[in-house]
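Visitor: I should like a close look at a single part of this model, namely whatever contact there may be between its chains. Please set it out in full, and then add any points of backbone geometry that deserve attention.

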Amino acid sequence: MTIQITMPGEKLIQGNEACVMGAIASGCNFYGGYPITPSSEIAEHMVRRMPKVGGVSIQMEDEISALASIIGASLAGSKAMTATSGPGFSLMQEHIGFAAMAEVPCVIVNVMRGGPSTGMPTSPSQGDVMQARWGTHGDHPAIVLAPASVGEVFDLTVKAFNLAERFRTPVILLYDEIIGHTRESVSLPESVTVIDRVTPDDALEEFWPKEADPDGVPAMSPFGDGRRFHVTGLAHDHRGFPTNDTAVAEALINRLHRKIDAHLDEVIEVEEYLLDDADVAIFAYGIVGRSAKLAVERARLNGIKAGLIRPLTLWPFPTAQVAEVARKVDTIVVAEMNLGQLVGEVERAAKGQAEVVSHLRTGGEPVTPTALEEVLAKIDGGNA
Amino acid sequence: MTDVKIDIQPDMTTEVTATERADVRSYLRQWAMPHVLCPGCAHGIVLRSFLEAVDQLQLDQDKIAMVAGIGCSSRLAGYVDFCTLHGTHGRAPAFATGLKLARPDLNVVVVTGDGDGLAIGGNHLIHAARRNIDMTVLLLNNSIYGMTGGQAAPTTPEGAIASTAPQGHIEPGFDACKLLMGAGASYVARVFAANPIEMTKVMMDGLSHPGFAFIELVSDCPEYFGRYNKIGGGPEMLNWIAVRDEGIAGPLSEKRFVEHIPVKPPAIGVKSGVLQREIRPVYAGVRAAEGQHT
C-alpha cells in the first residue's frame, strides 16, 4: 500500500520530530509513552499529532506500562509506538520479550544517552546496542535499526513499522542523542510504501491465532472483530494456548527466529562507500557513521584507500556483508560510542580474513572525523 | 449502557437451585480443559459468578476482552471464550488501558490476584483507577502466592504462615479496597467467594458501571494457605472466608471456624458490599472529539 504524505518537500526538523512524522506516515495511530530525556520531544509531538490523524496518545505511569499499552493497542488493531532512553529501555525489556513471544507488532524507539544507570541524560552514547539485542531474557528474535541522520530517522521509522507488521514482531529504532536533537533540512518523500499485517481469510471457518503460513508469520485478527482467541507469553501451541510440550515450545521458538532469518534481504540494509579498492574499512553506525564518512573522504584526499561499511540494520547482524568486506580489505576499524559492543560481531563475521581494530569512546563525547582520520593515517603509515 | 441498580445486601434467604443458575458452558473453552486450578480452590466459583453476570447482562461475547496478569487467578483468562490476553506479572491494567483506548467498543475486564495486582502491579492498578479508564477489575484475593508455592503476599495477614514466613508473617497486609478508594476508583466493591449469588450481583453492577470498577473477590487457597495455617481444605477455607465477612449476618457467619485459625482474626478486608460509587468523566486518552479529526 502506498500512502500519500500531506506535507512533502524540504523541511527543517529535529530527529525526534522526523521520527514522529515517519510514524504518522506509516499509519501509526497509537502512542503510549513516558517522559525521558532525550526522547521526550517524540511524546510532545505525538500528543499534538495523534488527534489530527484519528489516533490516541497516552502518557503512562512508567516505561513498563508504556510498552504494555502499545501492545494492548496493537492487539486491538492499532499501529502503535513508544519512545524512551536508556533507563526506560531497561524497564521495557520485559515487554519486548512478551511482544516477541506473543508476536505483537510494535515499534520501540530508544534515543540513546550515556549510561550505565541514569548516566548522562543529555549526552550521546551507543551503549545500548547489545541490550537492544539481548536485553530481554530467552531466545528471542530482534530487529534493530540505526539511522545516522534526521532524514534517515524518517525512513527507518517507516521501515520499522513495516517490518513490525510484516513479521509480527517488535522492532527497535536505535539512535543517539545527537541525531535525536539535531535539526537538519530533510527532503520528505511524496509517498511511502506501507505494509500492514496479514489478517485471516474471512472464509476461514476455524481460526487459530498462531497457525503460521509457510513464511512463518501467522495471520493476525484484532480483538473484538468476532474471532475469539487467547494470547499469552507462555510457550504455546497453534491455538495460542499454554503448553509444556517441549517439542511444541521448540518449534515455536525456532519459528520466531526463522520467520526473520529466512527473509534477511527484507531486513538488512547496509551502506557501502568507497570499498571497491579499499585497503582499510571503517565499520560504524549511527552518528559515528557520519564521522567515519567524512574521515574516509579526507583520508582519500591524502591517498589512503579507505572505505566505509555502515549498517542501517544492527540486528540481525549483517554478517554476510561484513564478511565480504573482510575479504576485500586488510583492516576493519570498528568505531563505536561504547567500550566495544559490535566489534565482537565484526570479528566473528571477518573470521580472521581482515585485522579488526577498535576505536572506542565513552563518557558522552562523540567519535569525531578527525580522530578517525588519525586512526586511518596511523594504519596506513604502519602498512607502508 | 444502563446503570443497573441493585440491592447490595445479599438476600441470604433466597433458595437458589442448580436448575435456576445459568448454563455458562458456552462461555468456556471446553477444548482447553482440564484447568490448572487445585481441588477446593474458590477461583472457579468466582469465575462461574462472573460468567453468570455476563449472561444476565447479555453482553456480546465477541466484544468482551479479558486481560490477565500472572498467577492462579490470571490463568482463568485461558478458559473463557472471549478475546483473552494473558500478559505479564502485574501489568494487566496497562495492557488493558491500551486495548480499551484503541477499541472503546470492547468490554474490558481485568482479572488479577493479590500478588499480581497489589505487589508487582500496584502502580498500574492505581493509575488505571485514577484515570477512570472504563474497565472492570476482578482482583481475586487468596492471601498468598499460590502458583509459586505459597509465599507471603501483600495481603497475607500478620501472623499467618507462608513458605517465606515460616514463623508467621511479620508485615501488615494491604486493604485492597482502601487502596483503590484512595486512588480514586469510581467504583469499589468487595465480595466473598462464599457468596456466589452476591458475587454475580456485584459483578453485574461493576460491569455496568461507566468507568473504572474495582471488585475484590475474597477467595482462598486451600492448597497452601489452608494447609500451612491448618485451616483445612476447600469447605473449611470457604468458612474461613465467610468468617472474614463482617458485613454479612446470617447463616454463614454461624459457621465460624475461629478456633482452627492460628492467625490473628483478620484485621483487614472485613467489610463487604459496594464501598465507593461515583460518576465522573471516563478517560478516553488524548484524541480528537467524535467526528473532529480529518
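Guide: Helices and strands are named here as DSSP runs numbered from the N terminus, a helix being H or I over at least four residues and a strand E over at least two. In that scheme A:Lys351, to which this account returns at its end, belongs to the loop between α12 (343–350) and β18 (355–360) of chain A. The model is a predicted one.

The contact between the chains comes first. Chain B brings 33 residues into contact with 41 residues of chain A. On the side of chain B that touches chain A, at least two residues come from each of β2 (83–86), α2 and α4 (122–131). The greatest contribution to that side is made by α2(B), with eight residues. By character, this side of chain B consists of 14 nonpolar, twelve polar and seven charged residues.

Helix α2(B), residues 92–102, packs against helix α3 of chain A, residues 63–75, with the two axes 6 Å apart and at an angle of about 40°. At that angle α3(A) counts as oblique to α2(B), because the class of roughly parallel is kept for angles under 35 degrees. The two helices cross in the right-handed sense. From α3(A), the contact draws on A:Ile64, A:Ser65, A:Ala68, A:Ser69, A:Ile70, A:Ile71, A:Gly72, A:Ala73 and A:Leu75. From α2(B) come B:Ala94, B:Phe95, B:Ala96, B:Thr97, B:Gly98, B:Leu99, B:Leu101 and B:Ala102. Twelve of the residues in this helix contact are nonpolar and five are polar, while none is charged.

Strands also connect the chains. Strand β12 of chain A, residues 230–232, pairs with β2(B) in the parallel sense, over three bridges. In this pairing A:His230 is set opposite B:Thr84 of β2(B).

Chain A also has a strand pairing of its own to consider. Strand β5(A), residues 80–84, runs parallel to β6(A) and is joined to it by four bridges. One of the pairs is A:Thr84 with A:Asn110, the latter in β6(A). Nine of the nine residues of β6(A) are buried, so this strand is largely enclosed by the rest of the structure.

The loop that follows β6(A) leads to the backbone geometry. Between β6 (106–114) and β7 (120–124) of chain A, that loop holds A:Pro116, which is joined to A:Gly115 by a cis peptide bond with omega about 0°. Chain B has a cis peptide bond between B:Met33 and B:Pro34, with omega about 5°. B:Pro34 is placed in the segment before α1 (43–57) of chain B.

Two residues of chain A remain. A:Arg168 has a positive phi, near 50°, though it is a residue other than glycine, and it lies in the loop between α6 (150–167) and β9 (170–176). A:Arg168 is classed as buried because it has 26 C-beta neighbours inside 10 Å. A:Lys351, likewise not a glycine, has a positive phi of about 50°. A:Lys351, however, has 12 other C-beta atoms within 10 Å and is therefore exposed.

Technical notes:
Residues are numbered from 1 along each chain as its sequence is written. Chains are lettered from A and ligands numbered from 1 in the order in which they are written. This is a predicted model: local features need pLDDT of at least 70, side-chain atom pairs count only at pLDDT 80 or more; totals for chains, interfaces and linings use all residues. Axes are lines fitted to C-alpha atoms, for helices over the stretch in contact, and angles run from 0 to 180 degrees between N-to-C directions. Angles under 35 degrees count as roughly parallel, over 145 as roughly antiparallel, 65 to 115 as roughly perpendicular and the rest as oblique. A crossing is left-handed if the near helix is turned anticlockwise from the far one by less than a right angle, and right-handed if clockwise. Two residues are in contact if their C-beta atoms, placed from the backbone, lie within 7 Å. Ala, Val, Leu, Ile, Met, Phe, Trp, Tyr, Cys and Pro count as nonpolar, Asp, Glu, Lys and Arg as charged, and the others, Gly among them, as polar. A residue is buried if 20 or more other C-beta atoms lie within 10 Å of its own, exposed if 12 or fewer, and partly exposed in between; C-beta atoms are placed from the backbone. Two strands pair if DSSP finds at least two bridges between them.
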